[in-house]
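Work through the exercises below with the sequence and the 3D structure at hand. Each task is followed by a solution in steps.

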There are 4 protein chains.
Amino acid sequence: MKPFKLASWDRKGSYTHIKIDSGAEPLLIGEGYCTIIAGPCAVESEEGYLQIARFLQEAGAHALRGGLFKPRTSPYSFKGLGREGLEIMLEARRITGLPLVTEIMDVRDLELLGDNIDILQVGSRNMQNYSLLEELGKLHKPILLKRGLSATIEEWLLAAEYVLDGGNPHVILCERGIRTFESYLRNTVDIGAVALLKELSHLPVIVDPSHATGKWKMVTPVARAAIAAGADGLMVEVHPDPDRALSDGKQSLTPENFLKMYEQVSRISRLVKNL
Amino acid sequence: MKPFKLASWDRKGSYTHIKIDSGAEPLLIGEGYCTIIAGPCAVESEEGYLQIARFLQEAGAHALRGGLFKPRTSPYSFKGLGREGLEIMLEARRITGLPLVTEIMDVRDLELLGDNIDILQVGSRNMQNYSLLEELGKLHKPILLKRGLSATIEEWLLAAEYVLDGGNPHVILCERGIRTFESYLRNTVDIGAVALLKELSHLPVIVDPSHATGKWKMVTPVARAAIAAGADGLMVEVHPDPDRALSDGKQSLTPENFLKMYEQVSRISRLVKNL
Amino acid sequence: MKPFKLASWDRKGSYTHIKIDSGAEPLLIGEGYCTIIAGPCAVESEEGYLQIARFLQEAGAHALRGGLFKPRTSPYSFKGLGREGLEIMLEARRITGLPLVTEIMDVRDLELLGDNIDILQVGSRNMQNYSLLEELGKLHKPILLKRGLSATIEEWLLAAEYVLDGGNPHVILCERGIRTFESYLRNTVDIGAVALLKELSHLPVIVDPSHATGKWKMVTPVARAAIAAGADGLMVEVHPDPDRALSDGKQSLTPENFLKMYEQVSRISRLVKNL
Amino acid sequence: MKPFKLASWDRKGSYTHIKIDSGAEPLLIGEGYCTIIAGPCAVESEEGYLQIARFLQEAGAHALRGGLFKPRTSPYSFKGLGREGLEIMLEARRITGLPLVTEIMDVRDLELLGDNIDILQVGSRNMQNYSLLEELGKLHKPILLKRGLSATIEEWLLAAEYVLDGGNPHVILCERGIRTFESYLRNTVDIGAVALLKELSHLPVIVDPSHATGKWKMVTPVARAAIAAGADGLMVEVHPDPDRALSDGKQSLTPENFLKMYEQVSRISRLVKNL
């Protein structure tokens, strides 16, 4: 008997699909789909965000990401625009019809973000912030749960279990690289975990190759690998001018490179579905 | 220039000593002292807690630990007595005159715990819960900051920096083992980090050999090593009947073994101070 | 300037292709090819090995693997058939026309294996056995260099550098999973390293999903991911009756599952080449 | 039943003491002793080595270390003086009466080193070089077996088992730091492993704080911790002029600092023995 009950495949016996109705068209996430969530690491300015949002909508992305409250290792780094940025994201949704994804770090932001954002992301550093997870379990809203930097697969599924046990069945697992001794790339994408989770659990599994690798040149090959291993989607960073990004520019795709990645990943996804 | 400024030795040039006045006698923590914080993993019952508290006071412990709100990997595990347990801890302080240490997990508990507890502990899983750290930076109360399971020394000091930068200079660093590939013991005590932190930073550094090793037989030798390496104190789990503990029994010392450890550690501490 | 010179892409400016002429048809390994090396973990019996060899030849495998001298963690485990097994492998080559791959552990086996085997494998535990690497540098024979369990990418390329610097340019890099804290699967396949190596170096890069995951169910999805990330081939374990294998049965594909994997991987390889 | 039989405490029921008779006085290594092996990383010149050897003998060191055949990550680094250096070490033994320790990397050096050196060291990179271990099992000579960079305690004891099973009971275990994500110090000394090995096994356990930390300032506190945790000795690097060392200068103690370390460690050793 596995310690995670509600998250286990065996107990449910069918894959979970998460439906998001807030955008122009309903969005389904889960087995059989290839959902691309894209956007800059942080919302930095209205002009820049709306520009990239329009581009991503035309390019075929399914949801927009953007950081409002950024967890930063140092207290001296840019921490996001907060409420001001939220208005920008809402405007982007009005224009593009795409649902929004942003990170929630604090239970006191539950109302603000819960009322406005379509998918609430729990970041790696908060994967075991149980007070937060318990509150998210009370919502009827998709939770994108990133794997902790050194979380085992079991700990990750048990963190999901907190949300599920609270009554919210809408959890998406996001592999974003684990911490190992290797330092050439920022983290080590655990591609085996992606394949394994599709066996162990019914929850959708996506991969974030941008944070995982920390180098934009690696984003596309790792994105291809993720989809080939069975992932149900990707979350990637795209920035109109990566060199000028306030955070994580080195790992952001340019719009041009996003198009290439999107095309390659779509072709692999079609192939894998027909295997 | 190091990314942590307020936490760095170079900037301050002298060790920080933290004074706690709430107990029967003032307690000083920092270089030159050997502070022993002890108690059961969780407060489980009034009778048991008061019994062990009286024992620890007579045995020479300097502060009492006890979990009220327990972060548990699984939502199905015992999560602590919460407010009810707090009353028990307060009673223990009245009886023994020893200051209290407990973990805070949620910003909404700040008032409850901040008003009553002498040292607020931030657990490993919350080391990068920046919302919590920022709130703790506004208090005038010692914060015992445990190292995250896979936090680098730099990330750990930057987490301390959040509290210091908020205006609270009373931070105690607690090494509690890091996650590695080795699984014979629960975690790997980073003894080099203890020695290094006494060079890099002015903050007091203590070690928790109980959580770090997960096996009571290893607690005493690792405690000796910690003090020999230069640590300013220890936090150890003691339980009147470890086999019946609701959590972490395997790593808890019996009262008898606590006495042995205390004696050995005290002798090493005296020796190291006179080197 | 990178510490590895001969292994670096920048210095050579074109991919290395390794040609093996010993089989019925010349075999090319490197960028643009998808080489499948397959066979049981160890050569166990003549009948079994010839049976699987014939099957693999018909199925389209490009080379046969088989352990003769097995490095085993415990001195009490089956260590391979040695010279006796070599005769079996040679017979398999006569029958199938496929080149042979086996591990060399000891410089004293250089003559025996060097004269008979087509690709000499250096195992993870010997990746930094410099005496062995220096001897292999004197041969004119392909060396399949497995990554050490906790070798960084740089250390791995420097191990290749030992062979290259000795005068042997025929090195194939084989990612086989690294050691991390995660224990659900045996090791963690470093898929980012695969993509990165195709940037950093001109040497062929293959992946061993069998040893890396330790679970046969994970072999196919991880194999797909490897090829999607840009790997130039795979080394997989196939056993006619995995439950009865003397070593590593749990990670071996049945012939039937090998066919499925082969088909899927071939389709992904064709797609990736045309991206 | 543990997988290591001959190495386990339970099977033997008493600690192993290794006696070395080649020096001026017999040297005993094991429980109850505190053996200090010291010397430069590599033998670099006759004058320098004899000078430091004389110093170490007067300072009370029990054995001399010195690298003759150095395993180097890069083929372009200084690899040791080899046979020429051996003559220098033999001269140092004649002068000081201290036994010699050096690393063996190649089975073809067995005769050369086996006939001349008192303790043969197996380095981290060769901990699972089973061909070498099997040959060392046939000798009647102490083997100092360093832990592999990412070897579990069980794998380490199984490597010792290879030597013991071959018929050589004289194995000394040497903890030298494991590879983790932390990079401020070179490796992470596993102090818990030291304490645990004294429970699990009867073999002597020593610690190498020089390679483990990579920083000379950390050598003394970590050495103190090792002895406090129960280690039976230390292997430390000492160099007359660390800034000019051909390898590992940053981690070498000056003669002056060696004296300080020796004094501190001796006092802790006496205290621990009388606990």
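Two residues are in contact when heavy atoms lie within 4.5 Å. The model is a predicted one.

**Exercise 1. State how many residues chain A and chain B each bring to their contact, and what area is buried there.**

Step 1. Count the residues on each side: chain A gives 32 residues and chain B gives 32 residues.

Step 2. Take the area. About 2,800 Å² is buried between chain A and chain B, and carbon and sulfur atoms give 48% of it.

Step 3. Find the main contributors on one side. Thr73(A), Tyr76(A) and Arg179(A) are the residues of chain A that lose the most area to chain B, and together they make up 21% of what that side buries.

**Exercise 2. Describe the operation that lays chain A on chain B.**

Step 1. Superpose the copies: a turn of 180 degrees with a shift of 0.0 Å along the axis gives an RMSD of 0.0 Å.

Step 2. Name the relation. The two copies are therefore related as by a two-fold rotation axis.

Step 3. Locate the axis with respect to chain A. Ser150(A) has the C-alpha nearest the axis in that chain, at 3.0 Å.

Step 4. Compare the surfaces used. Of the interface residues of chain A, 100% are also interface residues in chain B, so the copies meet through the same surface.

**Exercise 3. Repeat the analysis for chain C and chain A.**

Step 1. Count the residues: the contact takes 42 residues from chain C and 42 residues from chain A.

Step 2. Take the area. Chain C and chain A bury about 3,400 Å² between them, with 74% of it on carbon and sulfur atoms.

Step 3. Find the main contributors. Phe181(C), Tyr184(C) and Leu275(C) supply 19% of the area that chain C buries against chain A, more than any other three residues.

Step 4. Superpose the copies. Chain C falls on chain A with an RMSD of 0.0 Å after a rotation of 180 degrees and 0.0 Å of shift along its axis.

Step 5. Locate the axis. Ala225(C) comes closest to the rotation axis among the residues of chain C, with its C-alpha at 2.0 Å.

Step 6. Compare the surfaces: 100% of the contact residues of chain C recur in chain A, and the same surface serves both copies.

**Exercise 4. Describe how helix α2 (residues 46-59) of chain A packs against helix α3 (residues 83-96) of chain A.**

Step 1. Two packed helices are described by the angle between their axes and the distance between the axes.

Step 2. Read both values. The axes of α2(A) and α3(A) come within 10 Å and cross at roughly 30 degrees.

Step 3. Classify the angle. Angles under 35 degrees count as roughly parallel, and α2(A) is therefore roughly parallel to α3(A).

Step 4. Give the hand: α2(A) passes α3(A) in a right-handed crossing.

Step 5. List the contact. From α2(A) come Glu46(A), Tyr49(A), Leu50(A), Ala53(A), Arg54(A) and Gln57(A), which meet Ile88(A), Met89(A), Glu91(A), Ala92(A), Ile95(A) and Thr96(A) of α3(A).

Step 6. Sort these residues by class: seven are nonpolar, two polar and three charged.

**Exercise 5. Describe how α2(A) packs against helix α10 (residues 255-273) of chain A.**

Step 1. Read the values. The axes are 11 Å apart and the angle is about 20 degrees.

Step 2. Classify the angle: α2(A) and α10(A) are therefore roughly parallel to each other.

Step 3. Give the hand. α2(A) and α10(A) form a right-handed crossing.

Step 4. List the contact. Ile52(A), Phe55(A), Leu56(A) and Ala59(A) of α2(A) touch Pro255(A), Phe258(A), Leu259(A) and Tyr262(A) of α10(A).

Step 5. Sort by class: the contact of α2(A) with α10(A) has eight nonpolar residues, no polar and no charged ones.

Key
Residues numbered from 1 in each chain as written. Chains lettered and ligands numbered in written order. Predicted model: local features only at pLDDT ≥ 70, side-chain atom pairs only at ≥ 80, totals over all residues. Heavy atoms only, no water. Axes fitted to C-alpha atoms, helices over the stretch in contact; angles between N-to-C directions. Helix = DSSP H or I, 4+ residues; strand = E, 2+ residues; numbered from the N terminus. Parallel < 35°, antiparallel > 145°, perpendicular 65-115°, else oblique. Left-handed = near helix turned anticlockwise from the far one by under 90°. Nonpolar A, V, L, I, M, F, W, Y, C, P; charged D, E, K, R; others polar. Least-squares fit on C-alpha atoms with pLDDT ≥ 70 in both. Buried area = accessible area lost by both parts, 1.4 Å probe.
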